[in-house]
Amino acid sequence: MRGAGGVGKSSLTVQFVQGVYIESYDPTIEDSYTKEIEVDGRACNLEILDTAGVAQFTAMRELYIKSGQGFLLVYSVTDKSSMEELMAIREQVMRIKDTQNVPMVLVGNKCDLTNDRELTPEDGIEVSKKWNKTPFYEASAMYKMNVEDAFIDVVRQIIRKEAQASAPTRSGSGAQPKEEQPAAKSRKPSESVKQPPPAKSSTVADAKKAKKLKKKRKCVIL
């Protein structure tokens, strides 16, 4: 979770992980949360780092960014300067990760405070377009509006990026030619073909055991 101080990063995180809304503001140094979820049939073990938004803790930021796989960049719709600060934060993330392909979601928090708005949804959409159509959500930590959607979106991006990185290259470089297979021998009509024994059907217990032993995907989110 990245963003200026007081935009509600901790409130969003605690709402997502524990289903609880925290209203009081206490500047965060570093809090770490874990949550197991299933996204598109894949078991994921999330490690969420709620990092400081205030200036005296900036020395820790580079280490956090290097370890992060996905990022929720948060501003408050009631504070125009928090959006301006987010611009610099994104540039820092891109510089340290040294790539434009970074799983990322833009979140405009506190959308329930309609009378205190300084930024409209259109402002967030405009920034999203400038950031190469980064997914954008207006959220309310108090009412749990779009909180889960924002986290799941960034997890999907992490999974998609990992899948792209592990996919085998289809280029012909270094590819070995296929060996010719020997021609199948013809059989006489009287010769019977031996059939393999029928496969044993897996039981419900086996399926549950396999699911339990299935390795969970780890996702580190900032």
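These notebook entries record what I looked up in this structure, which is a predicted model.

**Entry 1: helix α1**

I began with helix α1, which spans residues 9-18. I asked how many of its ten residues are buried. I found that nine of them are, and I noted the helix as mostly covered. I then listed the buried residues: Lys9, Ser10, Ser11, Leu12, Thr13, Val14, Gln15, Phe16 and Val17. Next I looked up what these residues pack against. The partners are the strands β1 (2-3), β2 (30-39), β3 (42-51), β4 (71-76) and β5 (104-109), together with helix α5. Finally, I checked what follows α1, and I found Gly19, with a positive phi near 70°.

**Entry 2: the nonpolar cores**

I turned to the largest nonpolar core, which has 30 residues. Which of them touch the most other members? I recorded Leu46, Ile48, Leu72, Val155 and Ile221. I then noted which elements give two or more residues to this core: α1, β2, β3, β4, β5, α5 and β7 (217-221). Helix α5 provides the largest share, eight residues.

I took Leu46 for a more detailed look. Setting aside its neighbours within four places in sequence, I found Leu46 in contact with Phe16, Tyr33, Thr34, Lys35, Ile37, Val155, Cys219 and Ile221. Of these contacts, Phe16 is also one of the buried residues of α1.

I also found a second, separate core of 22 residues. Its members include Leu73, Tyr75, Leu106 and Phe136.

**Entry 3: Ser128**

I located Ser128 in helix α4, which covers residues 121-130. Is Ser128 buried or exposed? Its relative accessibility is 10%, and buried means under 20%, so Ser128 counts as buried. I then looked up its contacts, leaving aside neighbours within four places in sequence, and found Leu106, Lys133, Thr134 and Phe136. Leu106 and Phe136 had already appeared in my notes as members of the second core.

**Entry 4: the second largest pocket**

My last search concerned the second largest pocket, which holds about 280 Å³ of space. I counted 17 residues in its lining. Which of them lie nearest its centre? They are Gln100, Asn101, Val102, Pro103 and Gln157. I noted that α3 (80-97) and α5 (147-166) each supply at least two residues of the lining. The largest share, five residues, comes from α5. Sorted by class, the lining has six nonpolar, six polar and five charged residues. I closed by noting that α5 gives the largest share both of this lining and of the largest nonpolar core.

Note on methods. Residues are numbered from 1 along each chain as its sequence is written. This is a predicted model: local features need pLDDT of at least 70, side-chain atom pairs count only at pLDDT 80 or more; totals for chains, interfaces and linings use all residues. Side-chain values use heavy atoms; hydrogens and water are left out. On a 1 Å grid over the protein atoms alone, a cavity is a set of points where a 1.4 Å probe fits but cannot get out, and a pocket is an open set with protein on both sides within 12 Å along at least five of seven lines; lining residues have an atom within 4 Å of a point. Grid points are joined across faces, edges and corners, and a volume is the space filled by probe spheres set on the points. Helices (H or I, at least four residues) and strands (E, at least two) are DSSP runs, numbered from the N terminus. Ala, Val, Leu, Ile, Met, Phe, Trp, Tyr, Cys and Pro count as nonpolar, Asp, Glu, Lys and Arg as charged, and the others, Gly among them, as polar. Buried means under 20% relative accessible area, exposed over 50%, partly exposed in between (1.4 Å probe, protein chains only). Contact means heavy atoms within 4.5 Å. A nonpolar core is a set of buried Ala, Val, Leu, Ile, Met, Phe, Trp, Tyr and Cys residues joined through side-chain atoms within 4.5 Å.
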